[in-house]
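I open this notebook to keep track of what I look up in the structure, entry by entry. My plan is to begin with the interior and then move outward to single elements.

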Amino acid sequence: VTVIVLLLQPIVLLYKLLFGRNIFNAAQQSDAINPFASVPLENPRSASSLPTGEHEVFLSFRGPDTRQVFTNTLFILLRRLSIRTFMDDEKLEKGDEIWPSLATAIRQSKIHVAILSENYAYSKWCLRELVKFVECRKQDKRHIILPIFYMVDPGDVRHQTGPYQSAFQQHEKKFDSKTVQDWRDALNEVGTIKGWTVGSKDKPGEIADRVCNEIWLHIRQNDKFLDRDRLVGIDDHIRAVTDELSLDSEGVTMVGLHGLGGIGKTTIARAVYNQISTSFDRCSFLENIREMQEQKNGTIDLQHKLISNIMRKDSLGSIDNDVEGKNLIKDRVSMFKVLIILDDVDEKFKFEDVLGNPGQFASGTRFIITSRNEKVLRTVGENQCKLYEVGQMSPRISLELFCKHAFKKTRPPPGYETLSQDIISIAGGLPLFLEVVGSLLYGEEKPIWEEKLVQLRKVSLKGVAERLKISYDVLEAETQQIFLDIACFCIGMEKEIAIYMWSDLKYLSLLSRINSLIQRSMIKIGYDNKFQMHDQMRDMGREIVREENIEQPWKRSRIWDPEEALDLLQNKRGSKQVKALCANFTWIPDLGLKPLKRQHFLKLPELRYLEALGARFNGDFGNIFPNLRWLRSKAHRGMIIIRLIFI
């Protein structure tokens, strides 16, 4: 690695000179490092640190009223939780040239905190920020306004009475009537939102802690954001699952959702999570457990992720074994009233082996578990898990969902009724299939519909993956490669990072290709700008790669399985077909893997993506990777991550 870095320093320096961007990032941090994000400054309240989208929370406040006794405390608490927070400095001389940057910071923040104090309304900047808060919430319901009434009555804020009355008497002499009315309307709207009141007898630190906890829950909820406008027939499921959870009762309750893959179990779990998560002390949504447990240290990784979520810390140190993990869960997690989602478990998952005895958790704790296998859920927690079957959609709901994607309407237009009904009958009530096929046919003429219907009938008796493959087959070659990269390696990766690699491969019209995959419902971009993909789509993509050569993995284009990667490297296998390799060796003891040397990679001349976690490199690697565009390495003990883009 040292040799590679030294060889690349001239390239890095040249690129920095030309473009002013740091493309090399080596730091003792977690896997979530974004090498292209701006590094947060220690003083985030200077003009040079006006945000460019990296902040999650925007604080609007009047400095002399609240900075020392409340706002600074809240800011520190948020930073301790690694919540990216923008707090403006009123000492700066504000001018009109700064406002566009402030407005952008507000628009790009998820949560807007208005600390409404006695002199808040005297500041035109505070009032402009508040108007922008309201505008953002009207334009995008994902924006959240959290008001804090600091030593003021919410009624004075709503009606501009008391100290706010004198402030507006001054404003009416200086500003036009429309501007003043906009400020009044914003105060009236924010004043009606339920928030926190800080009085003279309250302890500001305790209120700040409650606000911080609420913000954390909202951010976690945003991570599981669902576009409810595109969901059909889910409300009945939400009510049924919520009833099964018995939120008003004491004790620990577990509810298991079971049904076919692609039937909507995860979507329902997310929707319930979003609706009830603020009722709990701490929450954790653990996705793709089936895939995680296929890894050698999957149980330990699962335990580590749960503890990190509940304790709100990215780094907890290492967990040596699952017994230690269970003890940590008992000591650190079970003290809270928690909501835990265990998504996509199979027969390998044993609740007691991963989390311990359900009875050890605090009263009021709730678990939601999803699985394709009903038998798995029956054995969870000594048969304590209530079962809820997610059945196939009814023909009426299926038609509505299909039409939302195929026509952007709830009903088919004249001439398409029969074709739509034929597709509904083939779909078998599977939401994912309806969404993908509807997106595939959107905007197409009737002859194309008839042609696709013939193809669908040929695969109607096959599994879900085979039926979904029709959407892959119509993609252009480069778009297919992007889809396979995402399915094998890029789920959870920030979109911009992957774009750098594809761009250097001379792929054209990248954003159009990504948008094409989104429009076909093959991928999604989360609220955090990271790639998401349904597990059925992921499995389909990986099966396409596996079928390139079933018997000899080293002759496939992509290798993501750690055991196959280990076999390839230790036995010095490989071929020109291998374009991407993910080798995760963090579960192997120090003596279990000899250092990787030049000869291990000699048969991989076309490698463009290499992820080697826990690997040790030794020797000269000069000119061994002529086509490499992405390298990521994580030391087994030192936890050092190197992310490198070759330009």
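**Entry on the cores.** I looked first for the largest nonpolar core, which holds 110 residues, and I noted that Leu74, Val113, Ile215, Phe402, Phe483 and Trp502 are the ones that touch the most other members. I should write down here that this is a predicted model. I then picked tryptophan 502 and listed what it touches when residues up to four places away in sequence are left aside: Ile482, Asp485, Ile486, Cys490, Tyr507, Leu510, Ile514 and Phe531. Apart from the largest core there is a second, separate one of 33 residues, and among its members I found Ala121, Cys136, Val157 and Leu187.

**Entry on the whole chain.** I went back to the overall figures, and they give 25 helices and 18 strands for the chain. Of its 647 residues, 52% are buried. For contacts with a separation of 6 or more, I noted that 69% are between residues 24 or more positions apart. The accessible surface comes to about 30,100 Å², and carbon and sulfur atoms account for 47% of that surface.

**Entry on cysteines.** How many disulfides does the count come to? The count is zero. I also checked two cysteines for burial, where the cut-off is under 20% relative accessible area. Cysteine 136 has a relative accessible area of 1%, so it counts as buried, and cysteine 582, at 14%, counts as buried too.

**Entry on strand β10.** I turned to β10, residues 366–371, and found that six of its six residues are buried. Which residues lie on each side of this strand? Arg366, Ile368 and Thr370 are on one side, Phe367, Ile369 and Ser371 are on the other, and both faces are covered. I then looked for its partners: strand β7, residues 253–258, runs parallel to β10 and is joined to it by six bridges, with leucine 257 standing opposite threonine 370. Strand β9, residues 338–345, also pairs with β10 in the parallel sense, over five bridges, and there isoleucine 341 has isoleucine 368 as its bridge partner.

**Entry on helix α25.** In this helix, residues 562–570, I listed the buried residues as Pro562, Ala565, Leu566, Leu568 and Leu569. Looking down the axis of α25, I see that these buried residues fall within an arc of 165°, so they line one face of the helix. Among the elements that cover them are β14 (558–559) and β15 (580–584).

**Entry on strands β15 and β16.** Having met β15 as part of that cover, I followed it to β16, with which it pairs in the parallel sense over five bridges. One of the residue pairs I looked up here is leucine 581 with its bridge partner in β16, leucine 610. Strand β16 covers residues 609–613, and five of its five residues are buried. Both of its faces are covered, with Tyr609, Glu611 and Leu613 on one side and Leu610 and Ala612 on the other.

**Entry on arginine 542.** This residue sits in helix α24, residues 535–546. Is arginine 542 buried or exposed? Its relative accessible area is 15%, so it counts as buried. Leaving out residues up to four places away in sequence, I found that arginine 542 touches Glu291, Ala487, Cys488 and Trp560.

Terms used:
Residues numbered from 1 in each chain as written. Predicted model: local features only at pLDDT ≥ 70, side-chain atom pairs only at ≥ 80, totals over all residues. Heavy atoms only, no water. Helix = DSSP H or I, 4+ residues; strand = E, 2+ residues; numbered from the N terminus. Buried < 20%, exposed > 50% of the residue type's maximum accessible area, 1.4 Å probe, protein only. Contact = heavy atoms within 4.5 Å. Areas by Shrake-Rupley, 256 points an atom, 1.4 Å probe, with all protein chains shown as cover. Disulfide = S-S within 2.5 Å. Pairing = 2+ DSSP bridges. Core = buried A, V, L, I, M, F, W, Y, C linked by side-chain atoms within 4.5 Å. Arc of directions from axis to C-beta.
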